[in-house]
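Please describe this predicted model for a newcomer. Begin with the ligand and what lies around it, then turn to the whole chain.

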Amino acid sequence: MSDTHIKIFDTTLRDGEQAPGCSMTLREKLRVAKALSELNVDIIEAGFPAASPGDFESVKTIAEQNFGPVICGLARCNTADIQKVYDAVRHAEKHRIHVFVATSAIHREHKLKMAKEEIIKSAVGAIKLARELVDDVEFSPEDASRTELSYLAEVVSAAIEAGATTVNIPDTVGYTVPAEFDRLFRYLNDHVARIEEITLSVHCHDDLGMAVANSLAAVSAGARQIECTINGIGERAGNCSLEEAVMAIKTRAEFFNVETGIDTTRLYPTSRLVSNITGMHPPRNKAIVGENAFAHEAGIHQHGMLQHASTYEIMRPEDIGLAKSSLVLGKHSGRHAFRDRLIELGFELDEFETNRTFQEFKKLADKKKDVYDGDLESLVMSAGGTSSGPWTLQSLEIQTHTDRPATAAVNLIFEDGSEVSESAHGDGPIAAAFQALEHATGVELVLKNFELHSASIGEDAQGEVTVSVEHDGQSFRGRGASVDIVEAGCRACLEVMNRILRRKDRGAAGTPADDSTRATI
Ligand code: KIV
Ligand code: ZN
């Protein structure tokens, strides 16, 4: 690989998924892994196999697909963790074990209660063990940016001696600033023997809003791998955003003099996929993938744009896969046009799923004149939810009044064809509808969060609802979409109820993450 190539190490499925509200089912993780491979990332960190049986299963299943990128799993410096990563990732043709241990004084004293020499010994032992299993081993000194420089250089030297092929420098708590990080990388380059034989990597968190800037500073100082996530999701303020780092390198190629292998036209669809799955939608003004990123509303800007796009536009929308117009289909659109557009949006559905989604599309096109990309994404994301039963929502009737409780009546069809009708009162229409669903299905949920997002534009836009609920002490997330927001909420709630019932049916005692292990992508 040339010295100007920057490897993109995507950790959406590990560091990103670790963030509250971002957990994904196996089926969702497979969709994301496939999208990441179409984006052409170099490495996918698919999870932390020792964290839970569900994590192990998902890393293994992703590895088995052999999508193309190197599949990596995270391990602490102990035999059990390393063996688990190996058992999970070995199914991929190209695989990596990533071991880490904290090195800063704060972590040494308060978390690990280990002396400096003990930490080096533990790291060296872990790297050697991992190297007995695989050729590709990455080592991370956690909280490197707050570690004494001379000790950090000692740790990195020992890691290289032990056989690490990539050494990653994390700014674990998002504390550093670009000039300081530049100094750190230059110090390592000057003080660590054989550093040119390994890939130096960077991993930044965004607590001070500098994850992308710090990652780029590291690249200028010699890093050749960036660890990042789609939409910058991750613990606390998140990780370095993949799309921002990649587009900065592409747009300012004459400054950085490096390149990534990313197919940037897949950035927008991948961002949408991840936000639809996690329910975490980037703010409208987010760089690259925010809804306003390419919108020019000020008259003076529009005038300039009409004269020549480059007056105010440093990137073209099509470079990130954002179609000029997202108005696509209507009531008279045929199955072919529908399927072609889904493929352009990055969804490859099988015959059965296409037919089912096409029927939903026709129903939607009857309700609203113009069907936008966002509406189509919503339809695909909800297919496989409520529609895979056992319960299907047949009808919903709501009555609200400013000074009386709301009333909801639902009619549901069970998979054997039988019907159940229930009604309930509640403080508002959502509370009433959820109670009616609970009576009908027998599944009780505690609603923790209800988020509403508009899937497209205009007054008749579909509402996308993401609900976070608890059942028997476990957390679940469900999604639903409709032009009626109460109905969207009901669909989201029923999706969770159906998943709980399907799991009970299989007698599964696993985590929510493994509730769709039978699903294919
Ligand atoms: O932020 C961090 O330090 C990490 C390491 C495990 C790489 O995520
Ligand atoms: Zn991290």
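In this predicted model, ligand 1 is surrounded by Arg-14, Asp-15, His-98, Phe-100, Ser-140, Glu-142, Asn-168, Pro-170, Thr-172, His-203 and His-205. By type, this shell holds two nonpolar, six polar and three charged residues. Where in the fold do they come from? Four elements each supply at least two residues of the shell: α1 (12-16), β4 (95-102), β5 (137-142) and β6 (166-171).

Some side chains bring polar atoms to the ligand. The table lists the distances.

| Side chain | Partner | Distance |
|---|---|---|
| Asp-15, N or O atom | oxygen atom of ligand 1 | 3.1 Å |
| Thr-172, polar atom | oxygen atom of ligand 1 | 2.6 Å |
| His-203, polar atom | oxygen atom of ligand 1 | 3.1 Å |

How much of the ligand does the protein cover? On its own, ligand 1 has 260 Å² of accessible area, and the protein covers 95% of that.

Now the whole chain. It has 18 helices and 16 strands. Its radius of gyration is 25 Å, and the globule rule gives 24 Å for 521 residues. The two values are close, so the chain is as compact as a globular protein of that length. Along the principal axes, the C-alpha atoms fill a box of roughly 70 × 65 × 45 Å.

What share of the residues is buried? Of the 521 residues, 54% are buried. Contacts also reach across the sequence. Take those with a separation of 6 or more: 66% of them join residues 24 or more positions apart. On the outside, the accessible surface comes to about 22,700 Å². Carbon and sulfur atoms account for 50% of that surface.

Key:
Residues are numbered from 1 along each chain as its sequence is written. Chains are lettered from A and ligands numbered from 1 in the order in which they are written. This is a predicted model: local features need pLDDT of at least 70, side-chain atom pairs count only at pLDDT 80 or more; totals for chains, interfaces and linings use all residues. Side-chain values use heavy atoms; hydrogens and water are left out. A residue is near a molecule or strand if one of its heavy atoms lies within 4 Å of it. A polar contact is a pair of N or O atoms within 3.5 Å; within protein, one must be able to donate a hydrogen and the other to accept it, and residues adjacent in sequence count only if both atoms are side-chain atoms. Accessible areas come from the Shrake-Rupley method with a 1.4 Å probe; for residues, only the protein chains shown count as cover. Ala, Val, Leu, Ile, Met, Phe, Trp, Tyr, Cys and Pro count as nonpolar, Asp, Glu, Lys and Arg as charged, and the others, Gly among them, as polar. The radius of gyration is taken over C-alpha atoms; the globule rule is 2.2 Å times the number of residues to the power 0.38. Buried means under 20% relative accessible area, exposed over 50%, partly exposed in between (1.4 Å probe, protein chains only). Contact means heavy atoms within 4.5 Å.
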